[in-house]
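Please look over the model shown here with two topics in mind, the surroundings of the ligand and the pairing of the strands.

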Amino acid sequence: MLLNFNDNLDNYKLMRQAIIPRPIAWIITEDDKTNIAPFSYFMALTSTPPTMVISIGEKSSGEPKDTLANIRKTKKCTICIPKESQLNKMHFSSKELEHDISEADLFDIKLEEKAKEFPPMIKGAPIAFFCELFEELDIRGSKHKPIIVEIKQMYIDESCFTNREKLHFEFAPIARIGGDYSFLGEKIPAPKIP
Ligand SMILES: Cc1cc2nc3c(=O)[nH]c(=O)nc-3n(C[C@H](O)[C@H](O)[C@H](O)COP(=O)(O)O)c2cc1C
């Protein structure tokens with residue numbers, strides 16, 4: 001089957017089943033309330049400078065999602081990489097809420113201050129990136145706004161290190177597969193190219 005992308009196709013449905021696994025950015029931002037939400041249109045972009053991209057859509061009302069509104073306002077966000085045991089709370093935090101209701105309060109998600117001048121991280125997350133807004137992109141014809149953020153600081157939980165001196169670490173991440181999830185399981189060493 002060869003499909004032509006046009007208005008009659010559900011692009012999102014097709015792309016999210018095929019472009020897998022997608023990492024999950026569990027993003028904390030601040031306004032009057034602390035906001036938490038997961039995003040899987042998310043990827044590393046450049047290592048120097050250290051940037052990542054997150055594509056953020058609109059609320060059902062057509063307003064910007066709270067994460068985008070807060071990043072535009074404060075120019076900062078903290079991005080946690082969730083581990084297997086955090087799947088439920090991460091998923092719950094995607095619920096669309098009024099701007100003045102915090103997912104942290106509603107779903108009892110514990111936060112921890114880690115890097116000065118940045119939003120708190122999710123307590124127990126293996127990895128957190130403390131980021132500043134680098135650039136907001138405008139994709140013509142899209143309701144999604146890709147946000148490029150620059151990593152300023154990174155937290156690695158001590159329990160993740162396999163070799164601390166060499167900064168080798170491992171953790172049990174969650175990936176998005178279509179609208180569901182997967183644990184990544186077995187690691188396969190990269191074969192030598194002949
Ligand atoms: C695993 C997962 C990944 C998601 N990825 C995205 C995404 O990449 N872009 C997006 O706009 N919404 C995404 N969502 C939906 C948002 O999490 C949801 O709209 C949330 O209410 C946004 O919250 P906010 O208004 O507090 O920013 C995702 C939801 C889940 C559960």
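The report below takes up the ligand site and then the strand pairings of this predicted model.

## The ligand and its pocket

The ligand sits in the largest pocket, where 21 residues surround the ligand. The closest of these residues are Asn35, Gly57, Lys65, Thr67 and Ser94. Sorted by character, the shell around the ligand divides into six nonpolar, eight polar and seven charged residues.

Several secondary-structure elements take part in this shell, since at least two of its residues are supplied by each of β3 (34–39), β5 (51–56) and α2 (66–74). The element that gives the most to the shell is β3, with four residues.

## Polar contacts and burial of the ligand

Both backbone and side-chain atoms of the protein come into polar contact with the ligand, and the pairs can be described one residue at a time. At Ser40, a backbone N or O atom lies 2.8 Å from a nitrogen atom of the ligand, while at Tyr41 a polar backbone atom is 2.8 Å from an oxygen atom of the ligand. Lys65 contributes through its side chain, a polar atom of which lies 2.7 Å from an oxygen atom of the ligand. Taken alone, the ligand exposes 640 Å², and the protein buries 90% of that area.

## A three-stranded open sheet

Strands of a sheet pair through backbone hydrogen bonds, in either a parallel or an antiparallel sense. In this model, three strands form an open sheet with the order β1-β13-β14, and their pairing is antiparallel. Because β1 (22–23) and β14 (180–183) stand at the edges with a single partner strand each, one side of each is left without a neighbour in the sheet.

The antiparallel pairing of β1 with strand β13 (residues 174–177) rests on two bridges. Within this part of the sheet, Arg22 stands opposite Arg176, a residue of β13.

## The pairings of β9

Strand β9 (residues 127–136) pairs in the antiparallel sense with strand β6 (residues 76–81), and the two are joined over six bridges. In this pairing Ile81 stands opposite Ile127, which belongs to β9.

Strand β9 also pairs in the antiparallel sense with strand β10 (residues 145–156), here over nine bridges. One of the residue pairs places Glu136 opposite its bridge partner Ile147, which lies in β10.

Methods:
Residues numbered from 1 in each chain as written. Predicted model: local features only at pLDDT ≥ 70, side-chain atom pairs only at ≥ 80, totals over all residues. Heavy atoms only, no water. Near = heavy atom within 4 Å. Polar contact = N/O pair within 3.5 Å; in protein donor to acceptor, adjacent residues only side chain to side chain. Areas by Shrake-Rupley, 256 points an atom, 1.4 Å probe, with all protein chains shown as cover. 1 Å grid on protein atoms, 1.4 Å probe; cavity = no way out; pocket = protein on both sides within 12 Å on 5 of 7 lines; lining within 4 Å. Sits in = over half its atoms within 2 Å of the grid points. Nonpolar A, V, L, I, M, F, W, Y, C, P; charged D, E, K, R; others polar. Pairing = 2+ DSSP bridges.
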